[in-house]
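Please open the structure in a viewer and keep the selection panel at hand. The stops below proceed from one selection to the next.

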Amino acid sequence: MEEEARERVYAAMVGRTGAKSAYIAGYLRTLRTYRAAGVILISAVITPETRQLLGPNVPIISVAISDKSGSPSVAIDDEQAAYDATRHLLRLGHRRIGLLTGDPASVYVAQPRKRGYLRAMTEACCTPVTATGSFFYESGANGVDELLQQDAGLTAIFAMSDEMGAAVVNELQRRGLRVPEDVSVLGFDNTSTSLHVNPPLSTMAQPLEEMGRMAVKKLLRSRDLGPKIMPHRLIERGSTAPPGSTPPSPAPPGTPEPTS
């Protein structure tokens, strides 16, 4: 968003709210005072109170919230993305798949993703196993404990964020379980966290940079503020494999790299 704004000769003011309504209200009042050209909300829905605080003449758009009410937004289809992620694990041969959800109060992200998982599991005649997280790393270990108490034979865990996914990998390994040989782990978002875990995390990617740029473009056009659904895609790394699979042995030292 900052890069796109800069290229269009606009300055971007960035404020972290932690999704706290009081912080959001404070920033909106400030932006109205400074006569901002527009406002982008990240992972926050546009409410009537938001519009009232900002005033009628300032365009506003949300990012990473799949609000299907027609509000101005740029997001992926979270329900379809979670459905596709779960279907990927099913295609690998997994039938005992646990879901570590985000904050259940997240109507526009956690709930659609849970619906996508449940739809895929129901179609495959598999029993859903779910535990509640918070989207953040700290909830990952507790989520693993809750999931394995429900089904100690899980062969895959789908976490609704990469932070939780990384925590799941680390907690499984702490318990002596191998990833992905014993349990596959799939994350969501394709943030840098997905690469800072061993093995690297397979994940359902949101086109985050493209979403930010699209939000700025739509905001400055102001007449094109309808909802925009961006494509999601699966990125396979080392944390997912068919159940019970054994990774290939490392090549002996000096073995030439294969060529295509």
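In which helix do Glu 209 and Arg 213 both lie, and how many residues apart are they? Select helix H8, residues 208-221: both side chains belong to this helix, four residues apart, or about one turn. Please bear in mind throughout that the model is predicted.

**Stop 1: helix H8 and its salt bridges**

With Glu 209 and Arg 213 displayed as sticks, locate the salt bridge between them, in which the closest N and O atoms are 3.7 Å apart. Arg 213 is buried, its relative accessible area being 18%, a value that falls under the 20% limit for that class. Now add Glu 3, Glu 4, Glu 7 and Arg 8 to the selection; together with Glu 209 and Arg 213, these residues are linked in a network of salt bridges. Over the whole structure, a search finds 14 salt bridges.

**Stop 2: helix H7**

Move to helix H7, residues 162-174, and select Glu 171 and Arg 174. Their side chains meet in a salt bridge, with 2.8 Å from N to O. The two residues are separated by about one helical turn, because they stand three residues apart in H7. Is each partner buried or exposed? Glu 171 is buried at 9% relative accessible area, whereas Arg 174 is exposed at 62%.

**Stop 3: a link between distant parts of the chain**

Next, select Arg 113 and Asp 189. These residues form a salt bridge, and their closest N and O atoms are 3.7 Å apart. The pair connects distant parts of the chain, since Arg 113 belongs to helix H5 (residues 110-123) and Asp 189 to strand E7 (residues 184-189), 76 residues apart. Both Arg 113 and Asp 189 are buried.

**Stop 4: the open sheet**

Strand E7 leads into the sheet. Select the six strands that form it, in the order E5-E4-E6-E7-E8-E10; the sheet is open and its pairing is mixed. At the edges are E5 (129-132) and E10, each of which pairs on one side only. On average, neighbouring strands are turned by 20 degrees against each other, direction ignored. Helix H6 (residues 138-150) packs on this sheet, where it touches E4, E5 and strand E6 (156-159). The direction of H6 makes about 150 degrees with that of E5.

At the E10 edge, select strand E8 (residues 202-205) as well: E8 and E10 pair in the antiparallel sense over three bridges. Within this region, Ala 205 stands opposite Arg 233 in E10.

**Stop 5: Thr 101 in strand E4**

Return to strand E4 (residues 97-101) and select Thr 101. Thr 101 is buried, with 6% relative accessibility. Which residues are in contact with Thr 101, leaving aside its neighbours within four places in sequence? They are Lys 114, Ala 131, Thr 132, Gly 133, Ser 134, Met 160 and Met 164.

**Stop 6: Pro 243**

Finally, select Pro 243, in the segment after strand E10 (233-235). Pro 243 is partly exposed, at 37% relative accessible area. Display Glu 181 too: its C-alpha atom and that of Pro 243 are separated by 6.7 Å, although the two residues are 62 residues apart along the chain. Neighbours within four places in sequence aside, Pro 243 is in contact with Leu 92, Gly 93, His 94 and Thr 155.

Note on methods: Residues are numbered from 1 along each chain as its sequence is written. This is a predicted model: local features need pLDDT of at least 70, side-chain atom pairs count only at pLDDT 80 or more; totals for chains, interfaces and linings use all residues. Side-chain values use heavy atoms; hydrogens and water are left out. A salt bridge is a side-chain nitrogen of Lys or Arg within 4 Å of a carboxyl oxygen of Asp or Glu. Buried means under 20% relative accessible area, exposed over 50%, partly exposed in between (1.4 Å probe, protein chains only). Contact means heavy atoms within 4.5 Å. Two strands pair if DSSP finds at least two bridges between them. Axes are lines fitted to C-alpha atoms, for helices over the stretch in contact, and angles run from 0 to 180 degrees between N-to-C directions.
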